[in-house]
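Biologist: I am new to this structure. Please take me through its main features by question and answer.

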Number of protein chains: 2
Amino acid sequence: MATKMCTPVRLEPPRGVSLWRRMPDDELINRVTWKIPNALALIGSRHGDTWNGMTASWITQVSMEPVLIGVGVDNKAVTHRLIRDGGAFSVNLWSAEDTRVFVKFSKPAEKTDMQLNGRPIREGVTGVPIFEEAVAWMECAVRHAIDFGTHTFFVGEIVDCGINDDEARPAAISDTRMKYGGVKRGGH
Amino acid sequence: MATKMCTPVRLEPPRGVSLWRRMPDDELINRVTWKIPNALALIGSRHGDTWNGMTASWITQVSMEPVLIGVGVDNKAVTHRLIRDGGAFSVNLWSAEDTRVFVKFSKPAEKTDMQLNGRPIREGVTGVPIFEEAVAWMECAVRHAIDFGTHTFFVGEIVDCGINDDEARPAAISDTRMKYGGVKRGGH
């Protein structure tokens with residue numbers, strides 16, 4: 001089932017726009033937003049015969065009842081189409097000791113048998129790939145999809161989850177030299 | 001101006017609900033969600049004469065154009081009311097070397113002159129408090145407020161931001177013994 005997209009109401013500024021003439025410049029916005037110590041994980045997605053894994057860092061829980069997890073995905077990404085059309089995704093936390101995986105999954109993954117980019121996967125209850133090597137993983141059924149502009153925030157309810165390695169420290173973006181966020185770059 | 005609240009469309013499961021009979025138990029959901037290596041920061045908010053600072057860990061960017069930052073806030077928190085009614089918030093990243101501040105700001109803050117819980121603040125362009133000791137800070141005007149159940153995800157556009165200490169490492173929740181997220185606890 002295709003996910004219905006929700007465009008949220010755009011709110012007017014609470015005070016006069018004139019207050020915000022002195023907008024911070026792009027370079028400063030980049031430097032500040034890159035300091036947010038986000039997670040780094042692989043997002044699993046699938047629609048029909050197309051399976052993917054994608055590195056992502058805009059990940060957070062957003063509700064405790066139901067337990068909802070949100071992931072920001074670039075509207076141009078293959079993963080965006082797969083989550084929209086497949087209605088589910090997995091969040092695979094990875095060991096901070098094996099961050100090479102994140103560079104590899106920065107472009108669409110190659111599937112051979114039950115592997116993505118050579119990393120073993122299995123099929124979750126919703127059909128999305130779950131990475132066997134993940135430190136811990138959450139499988140989420142999409143409940144809300146909110147298009148915020150360049151990215152859609154997919155919010156899913158945890159329908160299955162597990163821990164494969166309770167000792168490993170899950171990777172954060174600060175464990176790598178990767179930067180993500182800030183302003184839209186030309187040609188991005 | 002009061003923020004209009006947006007209740008997003010609830011989507012039906014993409015496949016038969018019967019697939020999800022084996023929901024993970026609460027303890028497992030807690031253990032897995034607590035592994036998400038989130039940020040930890042102080043959220044500044046204000047409405048009229050009421051100012052507050054609150055520890056929060058559900059923080060992520062959600063769009064690059066405009067540059068939008070989302071923060072999940074408990075619907076019962078003072079900060080929820082202040083952001084809803086004030087229409088703005090600040091995200092104050094803090095040094096990982098000074099995490100005591102987060103325990104202190106887990107309940108409504110006391111304001112004396114231009115201090116919250118003894119920490120110096122100044123008034124941002126939207127009127128919200130900005131912490132002078134923050135490593136880096138973002139001041140955001142609320143554009144969307146999405147009630148996901150127990151928490152509202154306030155999404156604001158960066159209208160001002162800055163860096164006070166470019167060397168300090170911003171704190172993550174993993175720098176503390178704090179846990180946040182998982183399922184709703186009784187009496188919470």
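**Helix and sheet**

Biologist: Which strands does helix α2 of chain A lie across?

Modeller: Helices (H or I, at least four residues) and strands (E, at least two) are DSSP runs, numbered from the N terminus. The direction of α2(A), residues 78-86, is at about 55° to β1(A), where axes are lines fitted to C-alpha atoms, for helices over the stretch in contact, and angles run from 0 to 180 degrees between N-to-C directions. The strands crossed by α2 of chain A are β1, β2, β4 (67-74), β5 (88-93), β10 (136-147) and β11 (151-163).

Biologist: Before we go on, on what conventions does this rest?

Modeller: The model is predicted: local features need pLDDT of at least 70, side-chain atom pairs count only at pLDDT 80 or more, and totals for chains, interfaces and linings use all residues. Residues are numbered from 1 along each chain as its sequence is written, while chains are lettered from A and ligands numbered from 1 in the order in which they are written.

Biologist: Which residues of α2(A) are buried?

Modeller: A residue is buried if 20 or more other C-beta atoms lie within 10 Å of its own, with C-beta atoms placed from the backbone. The buried residues of this helix pack against β1, β2, β4, β5, β10 and β11 of chain A, contact being C-beta atoms, placed from the backbone, within 7 Å. They are A:Thr79, A:Leu82, A:Ile83, A:Arg84 and A:Gly86.

Biologist: In what order do the seven strands of the open sheet in chain A lie?

Modeller: Strands pair if DSSP finds at least two bridges between them, and the pairing here is antiparallel. At the edges are β2 (50-56) and β3 (59-64) of chain A, each pairing on one side only. The order is β2-β1-β5-β10-β11-β4-β3.

**The two chains**

Biologist: What relation holds between chain B and chain A?

Modeller: Copies are superposed by least squares on the C-alpha atoms of residues with pLDDT of at least 70 in both. A turn of 180° and a shift of 0.0 Å along the axis lay chain B on chain A with an RMSD of 0.0 Å. That is therefore the relation of a two-fold axis.

Biologist: Which element gives the most residues to the side of chain B that touches chain A?

Modeller: On that interface, 67 residues of chain B are in contact with 67 residues of chain A. Elements giving two or more residues to the side of chain B include α1, β3 (59-64) and β11 (151-163) of chain B. With eight residues, the element that gives the most is β11(B).

Definitions and conventions
Two residues are in contact if their C-beta atoms, placed from the backbone, lie within 7 Å. A residue is buried if 20 or more other C-beta atoms lie within 10 Å of its own, exposed if 12 or fewer, and partly exposed in between; C-beta atoms are placed from the backbone.
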